[in-house]
Amino acid sequence: MRLKAEFNAVIVKPKDEQEETYGSLYIPDLGKEKNLSGEIVSIGPGHYSVTGVWVPTVLKVGQQVILPQMGPVKVEHEGIEYYVCPENQVLATLNEEE
C-alpha cells in the first residue's frame, strides 16, 4: 500500500539527521530548534479556490524542501515517518544547480 496525497497536500519523507559526535561521545541536539527538511514523495493535484478557480500545485515529487518546525502533521506508514502539510506551508526548495 502506498501513500497518496490529495488536494494540495504534500507528503515529505524526512532527511536522516546526522548525529554529532566528539570522539566516541554522542552530542545530543537539545535546545536547537531547526526547520524540518526532506524529499517530496507525493503531492496532490491542486484545489479549488473560494471563487471556484482550479489552483494546480507547483511543487514536484523528488524535490528537496524545508518545512516549518510547527505545522506539518507526522504520519507513520509501514514503519516510516512522514510529514504531511498543505503546499503553501512549504518554506523553501533546495536547488543544487543554482
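Here are four short exercises with worked solutions on the structure above.

The model is predicted, so local features need pLDDT of at least 70 and side-chain atom pairs count only at pLDDT 80 or more, while totals for chains, interfaces and linings use all residues. Residues are numbered from 1 along each chain as its sequence is written, and side-chain values use heavy atoms, with hydrogens and water left out.

**Exercise 1. Find out how many helices and strands the protein has.**

Step 1: Start with the terms: helices (H or I, at least four residues) and strands (E, at least two) are DSSP runs, numbered from the N terminus.
Step 2: Count them, and you get zero helices and 10 strands.

**Exercise 2. Work out the order of the six strands in the open sheet.**

Step 1: Recall that strands of a sheet pair through backbone hydrogen bonds, either parallel or antiparallel. Here, two strands pair if DSSP finds at least two bridges between them.
Step 2: Put the partners side by side, and the order reads 8-9-1-4-7-10, with antiparallel pairing.
Step 3: Look at the edges. Strand 8 (73-77) and strand 10 each have a single partner strand, so one side of each lacks a neighbour in the sheet.
Step 4: Check some of the pairings. Strand 1 (residues 9-14) and strand 4 share five bridges, and V10 is opposite I43 of strand 4. Strand 4 (residues 36-43) also pairs with strand 7, over four bridges, where L36 faces L67. Strand 7 is joined to strand 10 (residues 92-94) by three bridges, and Q64 has L94 as its bridge partner there.

**Exercise 3. Sort the side chains of strand 7 (residues 64-67) by the face they point to.**

Step 1: Fix the term: buried means under 20% relative accessible area, exposed over 50%, and partly exposed in between (1.4 Å probe, protein chains only).
Step 2: Follow the strand, and the side chains alternate. V65 and L67 point to one face and are buried, whereas Q64 and I66 point to the other and are not.
Step 3: For the wider picture, buried residues make up 27% of the 98 residues in the protein.

**Exercise 4. Identify the partner of E6 in a salt bridge, and say how exposed both residues are.**

Step 1: Side chains of opposite charge can pair when their charged atoms come close. The rule asks for a side-chain nitrogen of Lys or Arg within 4 Å of a carboxyl oxygen of Asp or Glu.
Step 2: The partner is K4, and the closest N and O atoms are 3.4 Å apart. The count by this rule is one salt bridge.
Step 3: E6 has 44% relative accessibility, so E6 counts as partly exposed. K4 has a relative accessible area of 58%, so K4 is exposed.
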